[in-house]
Amino acid sequence: DADWMLNGGTLPGYLAVVNFGSDPKRNFTNLKKVRPDEPCMCGEYWCGWFDHWYEAHHVREAAELAEALCSINARRQSEENDIAEQAYAMIENRLAEAEENGEAPPRILVLEHDGWLQGIVGIVASRVTERYGLPSILISLEQSTLPVGPDPDDMGKGSGRSVKGLNLVEALDACSELLVRFGGHELAAGLTVRREDIPALR
């Protein structure tokens, strides 16, 4: 009956809880035997978030956690700035090429890169749109299948930002045959696209 577990725990004074499993009646009866004067409680525990039976309570200093969070944030900011600088350089090159060839500048900026982190491209897309005043879509190919080729699994995930007057989701819907999936709203959207379809999307 594992009654010993009902007397376990590491925080004195806290009410015992029972893992009722597939036989709640039996387990609540056992709990009542051990704690007859306390209310019956059922708690949900997530592996790794709580102390193990009979172990000392785990604590960490707030300063240690703050330092770790600051380190993570600094690393993210550095990665964001690196991606932004790469994106700016790509845009400047394309604008210069368009001017040199007597072509009209792009009305929407679609950029892709194998090394960009998916979790950051949306933030950088906002910076690109703010800087150039144009809708932008940045596509991360970090999870794509290499080598480059017409592999159906060779896909990238992108994040786009728009400007007032251009509904980004409607624009993506107009070229939906090039996309695996997409969604969002007027000023921001996400998409999945095959690598081979990115030039046509652009």
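# A guided tour of the chain, from sheet to tyrosine pair

Start with the whole chain in cartoon view: its secondary structure comes to six helices and five strands. Keep in mind as you go that this is a predicted model. Trace the cartoon from the N terminus and you will pass the elements in the order α-α-α-β-α-β-β-α-β-β-α.

Before zooming in, switch on a surface for a moment. The accessible surface of the chain comes to about 13300 Å², and carbon and sulfur atoms hold 54% of that area. Of the 202 residues in the chain, 27% are buried. If you like contact maps, here is a number to go with yours: among the contacts with a separation of 6 or more, 58% are between residues 24 or more positions apart.

**Stop 1: the sheet**

Now hide the surface and select the strands. In what order do the five strands of the open sheet lie? Reading across, you should find 1-2-3-5-4, and the pairing is mixed. The edges belong to strand 1 (109–113) and strand 4, each of which pairs on one side only. Turn the view to look along the sheet and you can follow its twist, which averages 15° from one strand to the next.

Next, bring the helices back one at a time. Helix 3 packs on the sheet, where it touches strand 1 and strand 2 (136–140). The direction of helix 3 makes about 125° with that of strand 1. Then add helix 4, which lies across strand 1, strand 2 and strand 3 (155–161) and runs at about 150° to strand 2.

**Stop 2: isoleucine 139**

Select isoleucine 139, which you will find in strand 2. Is this residue buried or exposed? Its relative accessibility is 0%, so isoleucine 139 counts as buried. Show the surroundings as sticks: beyond its neighbours up to four places away in sequence, isoleucine 139 touches residues including Val110, Leu111, Trp116, Val193, Ile198 and Leu201. Gly158 is also on that contact list. A distance label between the C-alpha atoms of isoleucine 139 and glycine 158 should read 3.8 Å, although the two are 19 residues apart along the chain.

**Stop 3: strand 5 and its two partners**

Move on to strand 5 (residues 188–194). Five of its seven residues are buried, so strand 5 is largely enclosed by the rest of the structure.

Look first at the side facing strand 3. Strand 3 and strand 5 pair in the antiparallel sense over seven bridges. One bridge to pick out joins glycine 156 to valine 193 in strand 5.

Now look at strand 4 (residues 179–184), which pairs with strand 5 in the antiparallel sense over five bridges. These two strands form a hairpin with three residues between them. For landmarks along the hairpin, phenylalanine 182 has leucine 191 as its bridge partner, while glycine 184 is partnered by alanine 189.

Threonine 192 in strand 5 is a good place to pause. Standing opposite threonine 192 is arginine 181. Which residues does threonine 192 contact, leaving aside its neighbours within four places in sequence? They are Met155, Gly156, Lys157, Leu179, Val180 and Arg181. Try another C-alpha distance here: threonine 192 and lysine 157 are separated by 4.5 Å, with their positions 35 residues apart along the chain. Threonine 192 counts as buried because its relative accessibility is 7%, under the 20% cut-off.

**Stop 4: the tyrosine pair**

For the last stop, leave the sheet and show aromatic side chains. The structure holds one aromatic pair. It is formed by tyrosine 88 and tyrosine 132, with 6.2 Å from centre to centre and 55° between the planes, a tilted arrangement. The pair links distant parts of the chain: tyrosine 88 sits in helix 3 (residues 62–100) and tyrosine 132 in helix 4 (residues 121–132), 44 residues apart. Both tyrosine 88 and tyrosine 132 are buried.

Finally, add arginine 131 to the selection. What lies over the face of tyrosine 88? Arginine 131 does, at 3.9 Å from the ring centre. With helix 3 and helix 4 still on screen, zoom out to see the sheet again: helix 3 touches strand 1 and strand 2, and helix 4 lies across strand 1, strand 2 and strand 3.

Note on methods
Residues are numbered from 1 along each chain as its sequence is written. This is a predicted model: local features need pLDDT of at least 70, side-chain atom pairs count only at pLDDT 80 or more; totals for chains, interfaces and linings use all residues. Side-chain values use heavy atoms; hydrogens and water are left out. Rings of Phe, Tyr and Trp (its six-membered ring) pair if their centres lie within 6.5 Å; planes under 30 degrees apart count as stacked, over 60 as edge-to-face and the rest as tilted. Helices (H or I, at least four residues) and strands (E, at least two) are DSSP runs, numbered from the N terminus. Buried means under 20% relative accessible area, exposed over 50%, partly exposed in between (1.4 Å probe, protein chains only). A charge sits over a ring if NZ of Lys or CZ of Arg is within 6 Å of the ring centre and within 35 degrees of the ring normal. Two strands pair if DSSP finds at least two bridges between them. Contact means heavy atoms within 4.5 Å. Accessible areas come from the Shrake-Rupley method with a 1.4 Å probe; for residues, only the protein chains shown count as cover. Axes are lines fitted to C-alpha atoms, for helices over the stretch in contact, and angles run from 0 to 180 degrees between N-to-C directions.
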